[in-house]
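User: Got a minute to go through this one with me? I'd like to start with a strand and then look at the rings.

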Amino acid sequence: MLKEQALFADGTADYCNPAEPKAGDMVTLRFRTARDDADAVYLCTEKEKLPMKKTESEGMFDYYSIQVQMNESAFSYYFEVKDGTKSICYDRYGVEQEPREQYYFRIVPGFSTPEWSKGAVMYQILTDRFYNGDTSNDVLDNEYSYLGTMSQKVEDWNKCPENFSVAEFYGGDLEGVRQKLDYLSELGIEVIYFNPLFVSPSNHKYDTQDYDYIDPHYGKIVVDEGELLKEGDCNNQNAGRYISRVTDKRNLEASNEFFAEFVREAHARGIRVILDGVFNHCGSFNKWMDREKIYQKGDGYEPGAYSSKESPYNNFFNFKDSEAWPDNSSYEGWWDYETLPKLNYEESEELHDDILRIAAKWVSAPYFADGWRLDVAADLGQTPEYNHQFWQEFRETVKKANPEAVILAEHYGDPREWLGGDQWDTVMNYDAFMEPVTWFLTGMEKHSEEFDEKKLGNIEDFEESMKHYMASFLTPSLQCAMNELSNHDHSRFLTRTNHKAGKAEKLGTAAAEEGISKAVLREAVVIQMTWPGAPTVYYGDEAGVCGFTDPDNRRTYPWGNEDKDLIHFHRDIIRIHKENSALRTGSVKFLKGEENLLCYGRFNREQQLVILVNNAETERRVNLPVWPVGLPENGELEQLLRTEEDGYSVAPVTCAIKDGKIDVTLSKHSAVIFTGNFR
């Protein structure tokens, strides 16, 4: 009988070399078995079955190899292992009796993701809620009207956001982030992902007003003229101060210049910057639509499509009534929101060209942003065919402007159609990270809207979900997938640990902080920092911020009231992540799992790590085989980090390997990371 736990291959450089080949390259594919265990190993494609040659024996394993020359097409394959008269298949999911095409290994010649993005530690910032570094650019009370409410400056930084409060501002800005770059550097952050920074009337800024400029409320206001709205006046044509601030080119250019300086300073510290691109829809304030008619008084602006049938931007939108001008409100809105006009690419070559110009502009001189996060990317366009065509062109444009820029998309569900090497680099990793981790550790849905006790601690669900959804990624895409525990669209992970299902408007904001478990959060962060992908910290998670789903998840960073123990924990585990190459680009393999017990290895030929997570309410003793990740039958592992219910330790404790196993006692709600290096 074959030792199934010994069988292994994946798309990392140890088993596919080079891991990101070009057309014409000769690729060496390898497969691992237990020593003297298999009679034959074959590389299988849809067209042929090729015998592999045993080329190396090391420790407990044999390694079989074969060379394959790449052409222009994607190359899909799996392995067949024979033992006597019996044979089994091995694919991305693991050992199977029959091959399944959806789980084939895949190589796309010519596709690669930026090396810096693989395993990069990212930090997501909703700018208004991070830090107010320049009070002169704060949104003012009654500066303008949005959705029937007046803009408002929130004076109490620690106040929880209220429901439907898109026009409430706390004053966070890019200067505030610049002043906290020391903090981010000390934390170990390598990439900042900003929620949208472009001109917009909302605090979340997913309703872009002008794609060409950073919002002066986040940047610089050098010309500050005009009147505020009078009480009860919701006509933004009278919002002289707002019009001056966001349409005067002196403010806009100064803000862009400040952003360029910010990126230069971040780069000097080794921190990259990713922008949020909202290209499926814009905002009703957008200068192309100008529903508020604020650009009619600005110099150098064409009439907006809402007001004029002669506007050069009319075909940027889909107007259902072609005779309703002036004030044509019949345009298509994303999900029927009139504040979010959907962009009409198929009928406007000018729109298509302008968005691609913008895509290239921000990753080029003088700004040099390091990539794009794409909002609701699968929704863009009117048909799937156009959607894929556009993202292919978007990729060509961005990579030509900056070959080192990363393209990652917001996407729920299987992203395989977009991750074929010709569109996105990767995605925000909901299905193969956030959701399985959340269900396993908390039994909660990611919005905190449901608690399912059957999913809490269900190791089978966790492993099956991870293996199934990870198979949708090419290996270079998986290695830079954005692995988040929380973000601006979902509840804070720490709040999910209290098992309270609901929203702040019904439960109250205080309920988000009741009954939370920092021990479970530490378990989650251990998984986050040791799982394939780019671990991404949502601002304030590292400081103990709680919150139900939007808008409660967008609380301010608690400067002066931080949970310093959690911050120190994040610093230490980020350091561990960055110091161990196997955690960036190594293989992953599940080890023995049980209810509420997750065990896996991260490894390459030079280094092996073993991670154990006990999510149970009780202490447990674990006798765990670790030889499948390449560790010897006898030796020692060193503990890099251990979490307990009331804290954590980085003391270098050793753990003996005997007969290929370790014997470990885990306290309740704890995790441990071991490392070995036996080359």
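User: Which residue in β21 is the bridge partner of Arg373?
Analyst: Leu408 is the bridge partner. Keep in mind that this is a predicted model.

User: How do β20 and β21 pair, parallel or antiparallel, and over how many bridges?
Analyst: Parallel, over four bridges. β20 covers residues 371–374, and β21 covers residues 406–409.

User: What does the chain cross through from β20 to β21?
Analyst: Helix α6, residues 384–401. The β-α-β crossover is right-handed.

User: What does β21 pair with besides that, say β22?
Analyst: β21 pairs with β22, residues 426–427, in the parallel sense over two bridges. Leu408 stands opposite Thr426 there. Leu408 is also the bridge partner of Arg373.

User: Which way do the side chains of β21 point?
Analyst: Val406 and Leu408 point one way. Ile407 and Ala409 point the other way.

User: Why the alternation?
Analyst: In a regular strand, side chains alternate between the two faces of the sheet.

User: Are those four in β21 buried or exposed?
Analyst: Val406, Ile407, Leu408 and Ala409 are all buried.

User: Switching to rings. How many aromatic pairs does the structure hold?
Analyst: It holds 58 aromatic pairs. One of them is Phe79 with Phe105, 5.7 Å centre to centre with 65° between the planes. That pair is edge-to-face.

User: Where do Phe79 and Phe105 sit in the chain?
Analyst: Phe79 is in β7, residues 75–83, and Phe105 is in β10, residues 105–107. The two are 26 residues apart, so the pair links distant parts of the chain. Both Phe79 and Phe105 are buried.

User: What is the geometry of Phe569 and Tyr648?
Analyst: Edge-to-face, with 5.2 Å centre to centre and 65° between the planes.

User: Why does that pair tie together separate parts of the sequence?
Analyst: Because Phe569 lies in helix α13, residues 564–579, and Tyr648 in strand β30, residues 647–649. Those parts are 79 residues apart in sequence.

User: And how buried or exposed is each ring residue, Phe569 and Tyr648?
Analyst: Phe569 is buried, with a relative accessible area of 1%. Tyr648 is partly exposed, at 26%.

User: Last topic, cations. Which charged end sits over the ring of Tyr42?
Analyst: That of Lys49, 4.9 Å from the ring centre.

User: And over Tyr63?
Analyst: The charged end of Arg605 sits over that ring, 4.4 Å from its centre.

Definitions and conventions. Residues numbered from 1 in each chain as written. Predicted model: local features only at pLDDT ≥ 70, side-chain atom pairs only at ≥ 80, totals over all residues. Heavy atoms only, no water. Buried < 20%, exposed > 50% of the residue type's maximum accessible area, 1.4 Å probe, protein only. Pairing = 2+ DSSP bridges. Right-handed = clockwise from strand over helix to strand, strands pointing away. Phe/Tyr/Trp six-rings, centres within 6.5 Å; stacked < 30°, edge-to-face > 60°. Lys NZ or Arg CZ within 6 Å of the ring centre and 35° of its normal.
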